[in-house]
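User: I'm new to this one and would love a close look at a single part of it. Here is what I have in front of me.

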Amino acid sequence: MSSTRGTPGAAGGRGAPEAGGEYGKPGIGHLVCGRRAKWLVLALWLVVLFLAAPLAQKLTDAQDNNAASWLPGSAESTQVLEISEDFRPEQIPAIVVYTRESGLTAADRERITEDAARLRRLSGHGIRGAETRGPVYDRETDPRAAQILVPITMDEQGWQRIAPAVDSLRDEAGRSDGGLAVHITGPGGTSADFAEAFEGIDSTLLFAAMGVVVVMLLFTYRSPTLLLVPLLSVICALFTAQALIYLLAEHTGLTVNGQSAGILTVLVFGAGTDYALLLVARYREELRRHEDRHRAMAQALHRAGPAVLASGATVVLSMLVLLVAEMNSTSGLGPVAAVGVAVALLAMMSLCPALLVVFGRWIFWPVIPRHGSPDPTERGVWARMGRRIARGPRMVWGVTAAVLVVCSLGLVQLRAEGIGNADAFTGKPDSIVGQEISARYFPAGSGDPLVVVGDRARAGELRRAVSTTEGVVPGSPGLPPGSRPYVGDMVLFEATMTAPADSEAAKETVERVRDAVHAVPDAQVGGGTAALLDMDRATTHDNLVIIPLVLLVVLLILCALLRALIAPLLLIGTVILSFAAALGLSALAFRYVFDYAGESTDFPLFVFVFLVALGIDYNIFLTTRIREEAGLRGTRRGVVTGLATTGTVITSAGLVLAGTFAALGTLPMVAFAEIGFAVALGVLLDTFIVRSVLVTSLFLDVGPRVWWPHRLAREDGAGAAHEAEA
């Protein structure tokens, strides 16, 4: 490469045609942005969009939000759930709770009796009215509360009809009136509130993410026309990804639930826009060096393509690591997210470049990059910051790392032990109010019992073992209404716990009951609390397995991309420190700002995967540019130039990604809000502090040795230019 690199159009410089391709460097850029190829790319994407749009709309119907789609496949509770389907259809009880603090009046009791009679006649939406139990009063004389249990079938359509079913129960039972409080709670009521929270999740997140992207792109580009290209590209990518995932769910058994569908939207918008920002920034650079926009785009794809592809591969492979998870919901998220990011990457490397070339330079209006105009990055804020860091890099990275370590101390406030139903919503829906009222007057575990299956010949022994276990209401073990008494040699019965079903005390009761009944051959314990316990154990396993695997995948990709070992190890270290700081600050915010009761058990895993897989993108963007510049200018100058040229685009990309994850906070569920907040905070930390200050100062301090064992570590500067371009 000649020293005339900075002169647009100079012979031997970047603006000159080189052997091997019409548009400069050899590559496949001309297949996307050639004079005729760009129209072919647009035509292909129009066909894809025409075919994908109808299928994308069916993804919601393909979601499986039943219990088995979330539970670990090999867990005891999952096996009990499968066995219990032989005894009765899978069902959950909705509990209608009536209460009057001063005591139920005669008129109240008459109304409750009439309501129970009407509920027994109900059907439709899976309601099993004929199996209604109750009313049951809290005490025989002067009762203050009553409850009626109505089973609701939870088959493949159960999640879709649970909310209408509970609405039907509410219509029959009526509302609170005249001092008599009426609430619908229990697993059925809570599930209905969750279903309503998930209802419209795709459209809610779509419009929230789209709004964030529009605002951020306007802020970044200051162009009302340019933002249309990334926006159109990412929408096409989302529809295509949703269509592919729908086909996989229908024909390969891929599990898609509300969680994975929601995260898909955020990932495609966030990652896709990031890739577009990097490409557009490099295209704008090349437009100043090349008069022909086709040649400029080909060169931009050649220069930025490896970094974008490496970033996309990092995210895709990191998401696929989730396949080893024991939790069905986590393992199902892996391929869903991987498909989404892969399609976004494909769209940003084909559709987005083609659209940019079709529209020409005017798409950048009002700040149009003219051929031969100076590059403003050399004198911008990031260039000045790089020069200041270069004066004392060791002091800078030492102080920065110390600050991040202090932020990490907030981890002592992290309580990722699960979120009970009462704390799962950002608000307080009717089922939670009813749950609190019911717990005052009835055994806290009523409505969500233990389910025990075992050998029919030893049914009596099983009942005695369960009934005498601490935490179980004595005499409660019995046959559920509507169930077959026996199936072959197996028996099934339920037992009520004294503690709330989603509490730690209830989980301890499950462990005691399992210890008591496992002495009986083929005896197993399931139910809602047992499922929560098994999920906690599976998530602990997933954390220990997936986190190291993701780190290994990222390290290998960085080593392959940078052809070095020291630099990737430094980058991995900064990412881990960034993750710890983000988690620590988030834990403090959840305790003392948002007043959340705790975090879900899979919260650290999801935050880690998203922060490492997506956050490493910015380090890839920066370090690949540093490596390119180091071969021409030397490592120290290359670091400053790399920061100057990528600072603005990476900052903009970080703001977009943080904003799209923050959109998860629009959902009325604490788990989503916590993940969105932590990932957004982590991305901002990574963008403004880790990447721009910590990584830059580390590379400046280590110097050329950062590329060891590559020859660039010994032949720093222009003498290694051919290696940097190889």
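Which residue in strand 3 does Gln 91 stand opposite? And could you walk me through the strand around that spot?

Analyst: Sure! Keep in mind that this is a predicted model. Gln 91 stands opposite Thr 153 in strand 3. Gln 91 is one of the residues of strand 1, which covers residues 91–99, so let's stay with that strand.

Start with its neighbors. Strand 1 pairs with strand 3, residues 145–153, in the antiparallel sense, and nine bridges hold that pairing. It has another partner too: strand 4, residues 181–185, is joined to strand 1 by five bridges, and these two also run antiparallel. To find that second pairing on your screen, look for Val 96, which stands opposite Ile 184 in strand 4.

Now, what about cover? Buried here means under 20% relative accessible area. Nine of the nine residues of strand 1 are buried, so the strand is largely enclosed by the rest of the structure. You can check this face by face: one side has Gln 91, Pro 93, Ile 95, Val 97 and Thr 99, the other has Ile 92, Ala 94, Val 96 and Tyr 98, and both sides are covered.

For contrast, try a spot on the surface. Arg 391, in helix 13, counts as exposed because its relative accessibility is 69%. Arg 391 gathers with Arg 384, Arg 387 and Arg 388 in a patch of positive charge on the surface.

How values were computed. Residues numbered from 1 in each chain as written. Predicted model: local features only at pLDDT ≥ 70, side-chain atom pairs only at ≥ 80, totals over all residues. Heavy atoms only, no water. Patch = residues over 30% accessible without salt bridge, like charges linked within 9 Å, V, L, I, M, F, W, Y side chains within 5 Å. Areas by Shrake-Rupley, 256 points an atom, 1.4 Å probe, with all protein chains shown as cover. Salt bridge = Lys/Arg side-chain N within 4 Å of Asp/Glu carboxyl O. Lys, Arg positive; Asp, Glu negative; His and termini not counted. Charge placed at Lys NZ, Arg CZ, Asp CG, Glu CD. Helix = DSSP H or I, 4+ residues; strand = E, 2+ residues; numbered from the N terminus. Buried < 20%, exposed > 50% of the residue type's maximum accessible area, 1.4 Å probe, protein only. Pairing = 2+ DSSP bridges.
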